[in-house]
Amino acid sequence: MLGIIVWTLLIAIVVNLLLKRFHLPTIIGYIFTGTIIAYTFGLHSAVHNHELKEIAEFGVVFLMFTIGLEFSIEHLKKMRMEVFFTGSLQILVTTVFVVTICTLVIGFDFKTSLIIGAALSLSSTAIVLKTYNETNDIKKRHGQRVLGILIMQDIAVIPILLMISFFTMGDEKSVFSLILETTIAAIILIALLYVSGKYLLEPFFEHVTRSKSDELFVASVLLIAVGASYLAHYFGFTYSLGAFVAGMMISETKFKHQVEADLTPFRNLLLGVFFITVGMQIDFIVIAENIFMILLLLPILLILKYIIIYSLVRIDDTKRVAFKTALSLVQIGEFSLAILELARSNDLVDPTHSQILIVTIVISMILTPIVLKNISPLAAKLVPEDKMNVTSNHNIEKDTKGHIVVLGFGHLGQEIAHNLRLDGHEYVIIEHNLKYFEMGFKADEPIIFGNAAHKHILESVNIKDACAVIVAIDNQEKVHLICEVIDDLTHNTKTIVKVTRFSEKEELKSLHLEHIIVEDDIVARALVDETKECMLDFEREKEKINQS
């Protein structure tokens with residue numbers, strides 16, 4: 001066993017180093033590693049080992065725990081539309097479509113169709129959230145929509161597992177009893193986690209912190225994460241749901257950042273184990289025997305899920321957000337594998353059909369990280385900005401002079417506008433994102449809808465007579481393009497640009513920009529200044545001690 005572990009680590013490192021050259025994520029490397037060791041050491045049957053499955057599942061548990069740290073109960077209340085409306089509808093609509101196809105086209109019985117439909121309605125929490133955490137897309141609008149739907153899917157695993165229990169029992173009185181037991185268990189679980197989180201967690205961590213032992217603090221974090229997961233599992237729910245709730249409880253305390261820092265190594269290690277077990281389920285014999293079925297099934301499932309999710313998100317959001325959300329969730333997830341395996345073991349799904357679906361699911365999971373890494377460029381190329389749907393717009397007088405032009409009304413642009421308003425400056429904002437434009441429009445800001453990379457849009461706000469132009473846009477490619485256009489009009493003598501790194505400043509060198517603020521430089525200077533203050537305070541304290 002130790003030899004297999006050593007070889008697994010070596011293969012994982014080598015494969016990931018090779019894939020990094022092609023800018024491919026480590027998730028794919030772990031899945032390939034699982035496939036290699038499964039064939040090298042004959043471990044295809046080991047993937048069904050109960051202990052290995054539980055260890056691998058705790059990667060998802062720690063992932064959901066750290067996601068929970070980012071979301072308080074108040075935050076979750078704000079996301080009720082994403083979770084309960086969009087998430088529930090996505091599961092129901094996808095299940096209905098798949099059930100209809102399975103019963104009317106393929107000829108499966110209703111029970112089998114319902115289990116397959118429910119399983120295929122789920123997406124991969126592990127892959128999507130891990131990738132979005134790395135790219136920081138989890139904090140963006142489409143990331144929030146994705147998270148809301150995934151939370152609902154995680155909750156939906158409970159009734160899906162109950163459904164399989166119903167189909168295997170067949171006694172109506174027992175079914176009613178099981179529903180009653182589950183409801184009571186849910187109430188007890190929520191009450192226990194809520195009371196513990198609200199009244200016990202903070203005092204507990206304060207007591208542990210006083211010991212000044214990093215080991216005890218890490219052990220306490222593991223106790224909370226694993227304990228909440230076990231408690232949820234004891235009451236018949238998924239491990240990850242308990243971990244998510246525990247994370248939300250800790251997010252209400254002042255220890256959330258330290259908890260997240262201490263837990264990250266465990267999360268990444270166990271997620272690696274999880275993805276290796278996914279790779280171990282790839283069976284090339286099954287793929288070879290059913291290659292045409294898989295090649296037909298995979299695009300049908302992906303397109304079906306994309307259309308459903310895009311349509312639901314588009315009800316109350318922009319085309320780009322709907323596109324990114326739908327594309328992020330088209331794959332089928334890890335819980336689907338568990339559901340199909342449970343259904344197969346209870347003779348509810350034919351073993352051959354189960355294998356075909358499992359291979360199809362794993363392939364969809366392998367494709368996902370590549371898509372997620374390139375989702376923003378894809379959206380920029382394939383989805384045009386939403387057309388303006390407001391009835392009025394801000395008009396600037398032709399003789400306006402000495403005003404400030406702000407390009408972009410995202411988070412930075414909003415702060416700039418707020419400060420300009422407080423200082424009494426006259427300004428006008430140009431925004432090309434419909435959501436941010438509507439925010440400014442509703443807030444009665446002097447904002448116009450348009451693409452700042454178009455010369456006539458800039459001329460419409462009298463940019464030549466403005467005293468300053470502030471570029472408040474994060475996308476470096478757009479910043480470069482906009483500054484090129486401004487350079488043609490004003491030679492960038494009064495353009496102020498914020499970049500993150502010195503390398504980005506170098507890229508703008510040829511555009512005559514005199515006012516470039518490097519974020520890293522400003523932060524570094526502020527930190528050094530604060531350090532100097534701390535050093536002076538330390539010296540003063542030292543002098544006082546010496547004098548006394």
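# Exercises on a predicted model

Glutamate 431 stands opposite phenylalanine 449 in strand 3. The model is predicted, with local features requiring pLDDT of at least 70, side-chain atom pairs counting only at pLDDT 80 or more, and totals for chains, interfaces and linings using all residues. Numbering starts from 1 along each chain as its sequence is written, and side-chain values use heavy atoms, without hydrogens and water.

**Exercise 1.** State which strand joins strand 3 through three bridges, then place strand 3 in its sheet.

*Solution.*
- Step 1. Helices (H or I, at least four residues) and strands (E, at least two) are DSSP runs, numbered from the N terminus.
- Step 2. Strand 2 (residues 427-431) is joined to strand 3 by three bridges, and the two run parallel. Strands pair if DSSP finds at least two bridges between them.
- Step 3. The open sheet has six strands in the order 3-2-1-4-5-6, with parallel pairing.
- Step 4. Strand 3 (447-449) and strand 6 (515-518) are at the edges with a single partner strand each, so one side of each has no neighbour in the sheet.
- Step 5. On average, neighbouring strands of this sheet are turned by 20° against each other, direction ignored. Axes are lines fitted to C-alpha atoms, for helices over the stretch in contact, and angles run from 0 to 180 degrees between N-to-C directions.

**Exercise 2.** Find which strands helix 20 and helix 22 touch.

*Solution.*
- Step 1. Contact means heavy atoms within 4.5 Å.
- Step 2. Helix 20 (residues 434-442) packs on the sheet against strand 2 and strand 3, and its direction makes about 150° with that of strand 3.
- Step 3. Helix 22 (residues 476-490) touches strand 1 (404-407), strand 4 (468-471) and strand 5 (495-499), with its direction at about 165° to that of strand 5.

**Exercise 3.** Describe the crossing of helix 14 and helix 15.

*Solution.*
- Step 1. The axes of helix 14 and helix 15 come within 8 Å and cross at roughly 145°.
- Step 2. This crossing is right-handed (the near helix is turned clockwise from the far one by less than a right angle).
- Step 3. Helix 14 contributes Tyr306, Ile309, Tyr310, Val313 and Arg314 to the contact, and helix 15 contributes Lys319, Val321, Ala322, Phe323, Thr325, Ala326 and Leu327.
- Step 4. By class, the contact has nine nonpolar, one polar and two charged residues (Ala, Val, Leu, Ile, Met, Phe, Trp, Tyr, Cys and Pro are nonpolar, Asp, Glu, Lys and Arg charged, and the others, Gly among them, polar).

**Exercise 4.** Repeat the description for helix 5 and helix 14.

*Solution.*
- Step 1. The axes of helix 5 (residues 80-106) and helix 14 (residues 291-314) come within 10 Å, crossing at roughly 145°.
- Step 2. Helix 5 passes helix 14 in a right-handed crossing.
- Step 3. Among the contact residues are Phe97 of helix 5 and Ile308 of helix 14.
- Step 4. The contact of helix 5 with helix 14 divides into nine nonpolar, three polar and one charged residues.
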